Amino acid sequence: MGEAEHANQVAHQAEPPGEPLAVPPLADALARGLADLFPAGKDPDPDQRLEARLAEAERQGRPLRVKLGIDPTGSDIHLGHSLLFRKLRAFQNAGHTAVLIIGDFTARIGDPTGKSSTRVQLDAAAVEANAATYLAQLGQGQPPERSLLDFETPGRLEVRRNSEWLAGLALPQVIELLGISTVGQMLAKEDFANRYGSGTPISLHEFLYPLLQGYDSVAVAADLELGGTDQKFNVAMGRDMQRHFGQRPQFGLLLPILPGLDGVQKMSKSLGNTVGLMEDPLSMYSKLEKVPDAVVEDYLTLLTDLDTAALPTNPRERQKAMALEVTASRHGRDAALQAQADAAALVTAGLTGTGGAGDGLQADSVPEASLAGLAFPLKAFYLLSALQVCASSSEGRRQIQGGGVKLDGEKLSDPNQEFASAEDLDGKVLQMGKKTFRRLVA
């Protein structure tokens, strides 16, 4: 796809902010936020140009099969993960078939991409439990207008587990897969190259991961695979596998890695810089409203369908429009507008946690955090991590020492301050920074 075509496809007119957005045409949604598309030559052959494959599918009256694989190695999905699901939904909305592969088999190996050491292998029960939470967060059982993916419209979604075809592979078949690639190709993968060069061990089973992910494309006869920019090696392996087994090679469509709330590192739960899909409206809006200016445009492009050219040029107004739109996409516009009003009221109220000092602030608008199950007495720094306000106890200690934590408007100064019982904290508002609030409930 050439630069001029990119520009033509990206340009579109969205409805004004504050009104529900119509679903954008596939051509617009396809190009928006695109980091890489391969192959992307000028050859009219539908195996070399995605536009030609799309046109061919339209003439034949058949939907493309658009693959996205997810390994349920955790239980939570955050906005950084949602980029690919949003793109997958765009294909669904245009009438194509989303093939969502739950990597219940490959998750037991663990994707080595981005890892500096061998990953801990998960057992089948843990993987299946995580998969169930993933599907719920993606909208299973919810109407299409309230879910990230369309689970209801016939022909729009296949949910497959790759244990269907991988668990039964015989040794001769595994040997055949191993013969499709070379050690040199594997060591050309950046993560493997770095580990090999530094003398960090690489287990042989890790070489199997890209081969098995590639074989997934054969098993579902994918026309197109979605992935992050860090997945190019694995997506390209799918093309090699399909050629080997006599299928038309899939296209690879890659999206950027979303920066986290710090504006520097990628969004990652381990770094504590995420916004979870299941977060309440006030927490979600408050976090997004405070992201650094440098990443606001990325968030607008990758997390919304807003016409960025039609938004106010004032950076603060663009930031608020982004926060409102992303929150509305998860919770509905009324809830997002209420979250926006409550966030402003919390600031006006001086963040005292009284739940009524600010104009229009509703006492129950601050998300609750249950103290049930916590062992008292406990220290302040541990409270932050136990309630998942911070990613770890050490981060909780740093936040308190840095003066960023308040309890009912009073700054906590000693990370080792002890609370004797849940009743001592019941009803109080814990605040970290300017965007995280929790009403404590015994």
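These are my notes on one helix pair and two buried residues in a predicted model.

**Entry: helix 7 and helix 10**

I looked up how helix 7 (residues 171-178) meets helix 10 (residues 204-220). Their axes come within 10 Å and cross at roughly 100°. Angles of 65 to 115 degrees count as roughly perpendicular, so helix 7 is roughly perpendicular to helix 10. Next I listed the residues that make the contact. Helix 7 supplies Val174, Leu177 and Leu178. Helix 10 supplies Leu208, Leu211, Leu212 and Tyr215. I then sorted the residues of this contact by type. I noted 7 nonpolar, no polar and no charged.

**Entry: Asn130**

I went to Asn130 and found this residue in helix 5 (residues 124-138). Is Asn130 buried or exposed? The relative accessible area is 13%. Buried means under 20%, so Asn130 is buried. I then checked what Asn130 touches, leaving out residues up to four places away in sequence. The list is Pro72, Thr73, Gly74 and Ser75. For Pro72 I also looked up the spacing. Asn130 and Pro72 sit 58 residues apart in sequence, yet their C-alpha atoms are 5.4 Å apart in space.

**Entry: Arg318**

I placed Arg318 in helix 14 (residues 315-331). Its relative accessibility is 11%, so I logged Arg318 as buried. Which residues does Arg318 touch, not counting those up to four places away in sequence? I wrote down Val296, Glu297, Leu300, Thr308, Leu311, Pro312 and Thr313.

Conventions: Residues are numbered from 1 along each chain as its sequence is written. This is a predicted model: local features need pLDDT of at least 70, side-chain atom pairs count only at pLDDT 80 or more; totals for chains, interfaces and linings use all residues. Side-chain values use heavy atoms; hydrogens and water are left out. Axes are lines fitted to C-alpha atoms, for helices over the stretch in contact, and angles run from 0 to 180 degrees between N-to-C directions. Helices (H or I, at least four residues) and strands (E, at least two) are DSSP runs, numbered from the N terminus. Angles under 35 degrees count as roughly parallel, over 145 as roughly antiparallel, 65 to 115 as roughly perpendicular and the rest as oblique. Contact means heavy atoms within 4.5 Å. Ala, Val, Leu, Ile, Met, Phe, Trp, Tyr, Cys and Pro count as nonpolar, Asp, Glu, Lys and Arg as charged, and the others, Gly among them, as polar. Buried means under 20% relative accessible area, exposed over 50%, partly exposed in between (1.4 Å probe, protein chains only).
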